[in-house]
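Q: I would like to learn how to read an annotated segment, an internal cavity and a buried residue. Could you take me through them one at a time?

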Amino acid sequence: MFIFDMAKKTWGDVIREMKIFLWNPETRQCLGRTAQSWGLILLFYLVLYTFLAGMFAFCLYIMLLTLSPYTPTYRDRVAPPGVMMRPYIRNTFNIAFNISQRVTWEPYVENMEHFLQDYNDAIQESKNIVCTPGQYFIQEEESSIKQACQFKRSELLNCSGIDDQTFGFSLGQPCILLKMNRVCFPTEHFVYLITIFKLQKGDESHLHEIKFYPSEAFDPMYFPYYGKRTHVNYTQPVVAVQFTSVSRNHNMNIQCQLNGQGIINDYNNDRFLGRIIFTLNIGE
């Protein structure tokens, strides 16, 4: 019977019924409900979602009260620091140039100079203080603005870009800069971080002599790092490495790694965890 009645309806009947469903002028109903009915429904959902939003905000507020903005709450699974280097151009870690062609090594020099701007002696003397080498710079007050130790670019000597503004590239004795990623180390996990070098593949004799400035180690006085909220003027220490007598026209894969307690530098799935791998090729 229902199917029979539906078959009798024309498109005009269906449209009229739809109009009445949308708005019935006789009963003054919209979508089958009166204004009072719609008002009660909207009021119910308004109260419900206001209560849920309030509960969420309250729980979030309570959780934030338990967190310190200065120190990570859970530090037992903090990954060892990664390593980065300069120069870093064209999103690659390949250093290849010809000594006689300035255009091939000039981008590396510009990248190094740009990176070291914050390490200029005048800037460091105006912002940071002189610290005691070989000792961790512990600052107990958690919420106070922390002081930072000076790291002057003049300490990098031949790799400072002061006396030799080409960082050795024009002589075929290029410098690179190594730095660690910033990690807030808890006191009990301090380590003395030393960079060592080896050829990942090939004959290590192609490297010949290597010089480090200011030393092979990251001085402990630059640690711990307390985070950017309080350690405003913190300057990351760097180790400059100069390859003073590299064999020409040899493509060398070089691995620079951190060595120390708690350092992971052999994890194959992360080439930057505790190490950095790059290629070096110097042509005439």
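A: The turns below take up these topics in order, working from a predicted model.

Q: What does UniProt list for residues 38-64, and how much helix does the chain have there?

A: A record's annotation is best set beside the computed secondary structure. UniProt, in an unreviewed entry, lists residues 38-64 as "transmembrane region"; in the model, that stretch is 100% helix and 0% strand, with its end C-alpha atoms 39 Å apart.

Q: How many cavities of 30 Å³ or more are there, and what lines the largest cavity?

A: A cavity is a space that a 1.4 Å probe fits into but cannot leave. The count here comes to 3 cavities of 30 Å³ or more, and the largest cavity has a volume of about 70 Å³. Of the 10 residues lining the largest cavity, Met180, Asn181, Arg182, Phe223 and Tyr234 are the closest to its centre, and by class the lining has 7 nonpolar, 2 polar and 1 charged residues.

Q: Which residues line the second largest cavity?

A: The second largest cavity, with a volume of about 40 Å³, has a lining that includes Phe137, Gln147, Cys149, Phe223, His231 and Tyr234. By class, this lining divides into 8 nonpolar, 2 polar and no charged residues.

Q: Why does Val241 count as buried or exposed?

A: A residue is called buried when its relative accessible area is under 20%. Val241 has 0% relative accessibility, and therefore counts as buried. Val241 lies in strand β6, residues 238-243, and its C-alpha atom is 6.5 Å from that of Tyr213, although the two residues are 28 residues apart along the chain.

Notes: Residues numbered from 1 in each chain as written. Predicted model: local features only at pLDDT ≥ 70, side-chain atom pairs only at ≥ 80, totals over all residues. Heavy atoms only, no water. UniProt positions renumbered as here; feature names shortened; annotations may be inferred. Helix = DSSP H or I, 4+ residues; strand = E, 2+ residues; numbered from the N terminus. 1 Å grid on protein atoms, 1.4 Å probe; cavity = no way out; pocket = protein on both sides within 12 Å on 5 of 7 lines; lining within 4 Å. Points joined across faces, edges and corners; volume = space filled by probe spheres on them. Nonpolar A, V, L, I, M, F, W, Y, C, P; charged D, E, K, R; others polar. Buried < 20%, exposed > 50% of the residue type's maximum accessible area, 1.4 Å probe, protein only.
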